[in-house]
Amino acid sequence: MSASHFEKIMSGEEVLAIVVRSTFSSPGPNFFTPPEWPQQLGMLVYSRGRKIAPHKHKCLKRETETFTEVLILIEGMVKVDLYDSEKRLARTVILRPGDSILLASGGHALEILEDARIIEVKQGPYIGQEEKEFF
């Protein structure tokens, strides 16, 4: 996987985020997260005619103490500041249409640089603002 199309953003040994650019295109199922993570991020790149057999996912009890979320930028431009677990700014990333980011650990802040439409996928249930620690 080319680094210009996919990036794992680190602070020491801590993975803060995984960015997948809109230009990523490698045939097959491509997962950017290890299987033990509480949320999986992948891109499926298949050729016309490929079929996936009918299936459903079994209900299995899973437990996690971490919280992750994925942002998929549909349109606009967004600046994402990534903070380490000590609340120090570690890196800034600019997202453009079609880019995705998995916010894996630490903290984050967003600045909308151009009018944006963003799909957000996160673990639930959502408790509300009281689940956030602002700094």
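Read along the sequence, the protein chain runs through the pattern β-β-β-β-β-β-β-β. In this predicted model, the secondary structure amounts to eight strands and zero helices. The C-alpha trace spans about 50 × 35 × 30 Å along its principal axes. Of the contacts between residues at least 6 apart in sequence, 57% join residues at least 24 apart.

Turning to the surface, the protein chain exposes about 9500 Å², and carbon and sulfur atoms supply 52% of that area. Buried residues account for 30% of the 135 residues. A nonpolar patch on the surface is formed by Phe-31, Leu-44, Tyr-46 and Ile-52, which together contribute about 390 Å² of accessible area. Within this patch, Phe-31 belongs to strand E3, residues 28-31. With a relative accessible area of 46%, Phe-31 is partly exposed, because its value falls between the 20% and 50% cut-offs.

The charged residues come next. The protein chain carries 17 positive and 19 negative charges, whose mean positions are 11 Å apart. Side chains of opposite charge can pair when their charged atoms come close. Here the count comes to six salt bridges, and three of these pairings are worth a closer look, beginning with the strands.

Glu-7 and Arg-91 meet through their side chains in a salt bridge, at 2.8 Å from N to O. Glu-7 lies in strand E1 (residues 6-11) and Arg-91 in strand E6 (residues 89-95), so this pair ties together parts of the chain that are 84 residues apart in sequence. Both partners are partly exposed: Glu-7 has a relative accessibility of 26%, and Arg-91 has one of 32%.

A loop-to-loop pairing is found between Asp-99 and Arg-21, whose side chains form a salt bridge at 2.7 Å, N to O. This pair also links distant parts of the chain, with Asp-99 in the loop between E6 and strand E7 (100-103), Arg-21 in the loop between strand E2 (14-20) and E3, and 78 residues separating the two. Asp-99 has a relative accessibility of 3% and therefore counts as buried.

Another salt bridge brings together the side chains of Asp-84 and Arg-88, at 2.9 Å from N to O. Asp-84 is likewise a buried residue, with a relative accessible area of 6%. Thus the acidic partners described here include the buried Asp-99 and Asp-84, alongside the partly exposed Glu-7.

How values were computed: Residues numbered from 1 in each chain as written. Predicted model: local features only at pLDDT ≥ 70, side-chain atom pairs only at ≥ 80, totals over all residues. Heavy atoms only, no water. Helix = DSSP H or I, 4+ residues; strand = E, 2+ residues; numbered from the N terminus. Buried < 20%, exposed > 50% of the residue type's maximum accessible area, 1.4 Å probe, protein only. Contact = heavy atoms within 4.5 Å. Areas by Shrake-Rupley, 256 points an atom, 1.4 Å probe, with all protein chains shown as cover. Lys, Arg positive; Asp, Glu negative; His and termini not counted. Charge placed at Lys NZ, Arg CZ, Asp CG, Glu CD. Patch = residues over 30% accessible without salt bridge, like charges linked within 9 Å, V, L, I, M, F, W, Y side chains within 5 Å. Salt bridge = Lys/Arg side-chain N within 4 Å of Asp/Glu carboxyl O.
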